[in-house]
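Colleague: Please take me slowly through one part of this model, the sheet and what lies against it. I would like each term explained as it comes up.

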Amino acid sequence: MLMLWYPKCSTCQKAKKWLDEKGLDCKVRDIKLENPTAEELRGWQQASGLPLKRFFNTSGLQYKALGLKDKLPGMNEEEQLALLATDGMLVKRPILVGDGFVLTGFKPQEWEEHLG
């Protein structure tokens, strides 16, 4: 498994602790230092079955500073993917990528269902 996270994010820290407590091994990647590519995001979005909007960190400072709440509806999917790939801080975190699943954000119950 691969977990994209921001080490200073308390939610990401909780997710990592949860994985550690379950004895689940995963590779971690700092989303700020090595942001996902548009191709990775496209694949994860398709694998997750989630709308692309769920991959945006809507509570993040960058999201708000760029006024994306108003701009996203007018952007097509390719433009949104390209935008997400420019800055890892725009991406919802953590993202957990496993065999046959992709989870965005940390919801313990949802993670339990996939990894329990």
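To begin with one pair of neighbours, in which sense do strand 1 and strand 3 pair, and over how many bridges?

Modeller: Strand 1 and strand 3 pair in the antiparallel sense, and three bridges join them. Before going further, please keep in mind that this is a predicted model, in which local features need pLDDT of at least 70 and side-chain atom pairs count only at pLDDT 80 or more, while totals for chains, interfaces and linings use all residues. Residues are numbered from 1 along each chain as its sequence is written, and side-chain values use heavy atoms, with hydrogens and water left out.

A strand here is a DSSP run of E with at least two residues and a helix is a run of H or I with at least four, both numbered from the N terminus; two strands count as paired if DSSP finds at least two bridges between them. In general, the strands of a sheet pair through backbone hydrogen bonds, in either a parallel or an antiparallel way.

With those terms in hand, the whole sheet can be described: it is open, has four strands in the order 2-1-3-4, and its pairing is mixed. Strand 2 (27-30) and strand 4 (101-104) are the edge strands, each of them pairing on one side only. On average, neighbouring strands are turned by 15° against each other, direction ignored; angles here run from 0 to 180 degrees between N-to-C directions, and axes are lines fitted to C-alpha atoms, for helices over the stretch in contact.

Now take the neighbours in turn. Strand 1 (residues 2-5) runs parallel to strand 2, with four bridges between the two; among the matched residues, L4 has R29 as its bridge partner in strand 2, and W5 has D30. On the antiparallel side of strand 1, M3 stands opposite L96 in strand 3. Strand 3 and strand 4 are also paired in the antiparallel sense, over four bridges, with I95 opposite T104 in strand 4. These two strands make a hairpin with two residues between them, and G100 in that turn has a positive phi of about 85°.

Are the side chains of strand 1 buried on one face or on both faces? Both faces of strand 1 are covered, as L2 and L4 on one side and M3 and W5 on the other are all buried, where buried means under 20% relative accessible area, exposed over 50%, and partly exposed in between, with a 1.4 Å probe and protein chains only. In strand 3, I95 and V97 point one way, L96 and G98 point the other way, and all of them are buried.

Helices lie against this sheet. Helix 1 (residues 10-21) lies across strand 1, strand 2 and strand 3 (95-98), and it runs at about 155° to strand 1. Helix 2 (residues 38-48) packs on the sheet as well, touching strand 1, strand 2, strand 3 and strand 4, and its direction makes about 100° with that of strand 4; contact means heavy atoms within 4.5 Å.

One residue beside the sheet deserves a closer look. R93 sits in the loop between helix 5 (77-86) and strand 3. Leaving aside residues up to four places away in sequence, R93 touches L4, Y6, C9, C12, I31, N57 and G105. R93 is buried yet has no salt bridge, for the nearest side chain of opposite charge, D87, is 7.7 Å away. A salt bridge is a side-chain nitrogen of Lys or Arg within 4 Å of a carboxyl oxygen of Asp or Glu; Lys and Arg count as positive and Asp and Glu as negative, while His and the chain ends are not counted.

By the salt-bridge rule the count comes to seven. Among them is one between K16 and D20 (2.8 Å, N to O), and because K16 and D20 are four residues apart in helix 1, about one helical turn separates them. D20 counts as partly exposed, at 45% relative accessibility. Helix 2 takes part through R42, whose salt bridge with E78 has its closest N and O atoms 2.6 Å apart. E78 lies in helix 5 and R42 in helix 2, so this pair ties together parts that are 36 residues apart in sequence. E78 is partly exposed, with a relative accessible area of 45%, and R42 is partly exposed at 24%.
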